[in-house]
Each structure stands twice: as structure tokens, then as C-alpha cells.
Amino acid sequence: AASLYLVSDCHLISPFTAAPRHPKASRHHTVARSPKRSHHCSKQQRSPAHTSLFPGKMPPKKVVEEEKLGPWALGRFSSNLKVGLVGMPNVGKSTLYNALSNCSIPAENFPFCTIDPNSTRVHVPDERFDWLVDHHKPKSVVQPFLEIVDIAGLVKGASSGAGLGNAFLSHIKAVDGIMHVMRAFEDADVIHVEDRVDPVEDIAIITSELRIKDLEYMSGIREKLCKDANKMSQNPVTAKAHKTEMATVDKIIAWLEEGKEVRNGMDQWSTIDVDYLNTYMLLTSKPVIYLINLTAKDYARKKNKWLVKIHEWVKGHGGGQIIPFSGGFECELQNTPDDGKVQFQKDQEMTTVLPKIIKTAFSTIHLIYFFTAGADEVKGWCIRKGFKAPQAAGAIHTDFERGFICAEVMGFDTLKELGSEKECKDKGKYRQEGKTYVVLDGDVIFFKFNVTAPKKK
């Protein structure tokens, strides 16, 4: 990230800039110079610094470095984002989905028991939200949520249509992030589509299928661009745009052919490349977290023969969050009455990891949330990281964005430390922000807006 330094009441003087005038001086006034530092020296006296570096030319333009983009730049800039559970058949995706949503969907012991993707919204646990609710004791409470989709298992050859692969790959394209579920447990009663248990091979197969599908898609785009070349060349503007996109397409194809995922090439992609990538919505551009399904015994002792191998594979493919869990334990916990869940975890000497999975998935797809809080309602609003104040206001209502005036903001930590909105105002911590303000995770905001003109058609 670039650093910005603000210099106030100072002037930078170089051989190419005029000396600063006093604010009250007219354009006809001159600035007196010391005789000892006279600018009108002879050629013999003139130092190399005072000779023209660019005779007969203007000084060179300042080179502006392009912003370094991170993984956050990829994907849809929307507040309505979702993550998908992806993996081979019978690795525990539907079991985990049931535990996350605490709802009943098929999780039988046969491949492709999930064909149409199931979707649910789960609450994102957050202590800040709980504090605001306890502080305001509102009439209404609306907790932040994350949408999770259970996608059917992929098999080797899915990119060519094997195992209804084309339909399932389209389901993956519709989500914004991937939770890759891997099976690291032996169970003769739960069949594996490849007749073996090898989570590293499983993840290699899935990643390869996604990359092959991306390569196929990009090759189709290149073919279309080649067909349109003559038509585009007739206009200078379209010709330039065509050339630019072709360069980006060739760059992406070369990257994929090297066996690499798009999300791992952020040091390669320019801002123009990223703009095109966000229109292509490639499967390997989506952020990933890795969930390893263990037996309850392995989860309790935090040991499994596959953990190190999985870690090495993930590290060699761009890195990422790895979260071990036990589908069996989580399923039992969800079937336990609410008043007995704490005791059940103590008895089993294990703790649920579902809150961590939800919070990690939420941040992985670059979502944050701000709060609106008062006596009537406390609500968490999901927005994409990087949203400015008007865009965040639009998450509440489009009129808020259209008629945006300002955002009155308190940082949550400041509010909690001082104890009340009144104290924040008294201490000068309640601030007004304009259209350029980038909303931060956990901001408590009150928007002012005014819509007087009709909406533009």
C-alpha cells in the first residue's frame, strides 16, 4: 500500500520552480535575493546544478507509480456476496453445511446427493454487535450474515462434463469465494469416488479442473477477439481497446497454461488486467480457504497424518487459511439442546470451530460491516471492503446514496472506550465525513441525505 505524506505550510524549491510569493504580494512584485546568493552569476561561476538539464525542453513529467493491487481487488464490488462449499463427493460438505445452517438437507452416503445447490444465511458472530445491543437495548436487532452455498461434489474430468461437472462448475462461478472441504479421515462405510483417501490428490484434482475450465473460457474469448479484429480496427478507439484486451487475454492464458491460479498472480496483473478479470469472473480468481474434515479423535488430539502434506501443498499454491474441523463432532453438537451445548463441549474436551469458519469466510471474500445503532434498532450492514461512504449508504437504501450529504462516524473502539455518543461528541471523536471517506470495519455511522431531484433514468 502506498504511503501518503502531507506537508503543510512548506515549499519545495528546485531549479525548475519559481520562488514562492508572499500571499499578499501582487504578480508584479519581485522577491529580494541576497547578493551572496545572486542568481545572476556568470557562466564561469554557474554551478552544474544551475545549468539546464533539458536544453530547449520542458522538465520531464513526474512518473506516477501504478497502485499495487492485492487480492481484495478481484471479484464483484457488491455487498451481496456469498461463499460456496466445494470438494469431491462424500468429503463432508453437506454435513458441514447442516452444522453451519442447522437445517436439514440430504447428506446421504452416495455421490451427487446434492445436485441443485442449497443456500442459507448464517449469522456472523461479533462481540462488537453484542456490545451495541446490550448498550442500546433496541426494539429490533438485525445481525450481520453470510450466505453459504452447498455445491455438489466435483470429480476428475468435471471440466469436460464428467459427473454433471459443467452444471456444478457454473454453480461455483456464481459464488464469490470458495471453502474447499477435504476429507482426511478413513471410514469404510463412507465411499470415496476415487476409492482412496488422499486429500492432497483431491485438492489437486479440483484445482486442476477449475484451471482447465478457466483456460477453456479464456480461449473462447481470444477466439472471439480474433474474429472481431477487422471490425474493431476501423475505429481508433475500438482498435485501442481491442489491442489492450487481447494483450490481457494472452497474459492470462499464458499464466493458466503454466499451471497457476489467477488469484496468485496479483504482482503480475495491472489495474487494466484486473478490470478485465472482474468481468471474466474466472474460477481460479476466487479467494479460497481450506477446511480439513477429521475424525473426532484426530480433531481432539490435533493430529493427523495429512495435515503437514496439506500445509505444504497450500503453501506451494499461493498460501491460504487452513482450518481443521470434525464434521462428526459438529453434527453431534448441533443435535444437542442449546442449554447443553457448553457442557457437551467440556465433556468431549473439544470446542466448535464453526464461528471461526464463518468469520474467516466472511473476511476472505473481502466483506466488512458497519453498524447503525440506536434505541429503535441495532443493525450490521455488510459491504465490500473499500466502499466509500455514499456506497455504504446505498447498502441501506439507494436514496441514501443518491442524496448523500455526509456520514457522521464513530469508531467502535472509541465508542466503547468513552461509553456513549454524547461522550464521543464532547471529546471531539464524533466526526463528519464526506464522499471520499472509505468506511472501516466496525464504524458506527449515521447518514445524512436529501433527495430533491428525481432519479436519473
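Two strands count as paired if DSSP finds at least two bridges between them. Keep that in mind as you look at this predicted model, where six strands make up an open sheet with mixed pairing. We'll start with the sheet, then look at what packs on it, and finish with a pair of helices.

**The sheet**
- Reading across, the strand order is β2-β4-β1-β5-β6-β7.
- β2 (118-123) and β7 (322-325) sit at the edges with a single partner strand each, so one side of each has no neighbour in the sheet.
- On average, neighbouring strands here are turned by 25° against each other, if you ignore direction.
- Strands β5 (residues 177-183) and β6 (residues 288-293) run parallel and are joined by six bridges.
- Want one to find? Ile178 has Val288 in β6 as its bridge partner.

**Helices on the sheet**
- Helix α1 (residues 93-101) packs on the sheet and touches β1, β2, β4, β5, β6 and β7. Its direction makes about 40° with that of β2.
- Helix α12 (residues 354-364) also packs there, touching β1, β2, β4, β5, β6 and β7. The direction of α12 makes about 160° with that of β6.

**The α4 and α6 pair**
- Helix α4 (residues 199-227) packs with helix α6 (residues 236-257) at about 155°, and their axes are 10 Å apart.
- Angles over 145 degrees count as roughly antiparallel, so that's what α4 is to α6.
- Their crossing is left-handed.
- Residues making the contact include Leu215, Met218 and Arg222 of α4, plus Met246, Val249 and Glu245 of α6.
- By type, the contact residues split into ten nonpolar, two polar and six charged.

Definitions and conventions: Residues numbered from 1 in each chain as written. Predicted model: local features only at pLDDT ≥ 70, side-chain atom pairs only at ≥ 80, totals over all residues. Heavy atoms only, no water. Helix = DSSP H or I, 4+ residues; strand = E, 2+ residues; numbered from the N terminus. Axes fitted to C-alpha atoms, helices over the stretch in contact; angles between N-to-C directions. Contact = heavy atoms within 4.5 Å. Parallel < 35°, antiparallel > 145°, perpendicular 65-115°, else oblique. Left-handed = near helix turned anticlockwise from the far one by under 90°. Nonpolar A, V, L, I, M, F, W, Y, C, P; charged D, E, K, R; others polar.
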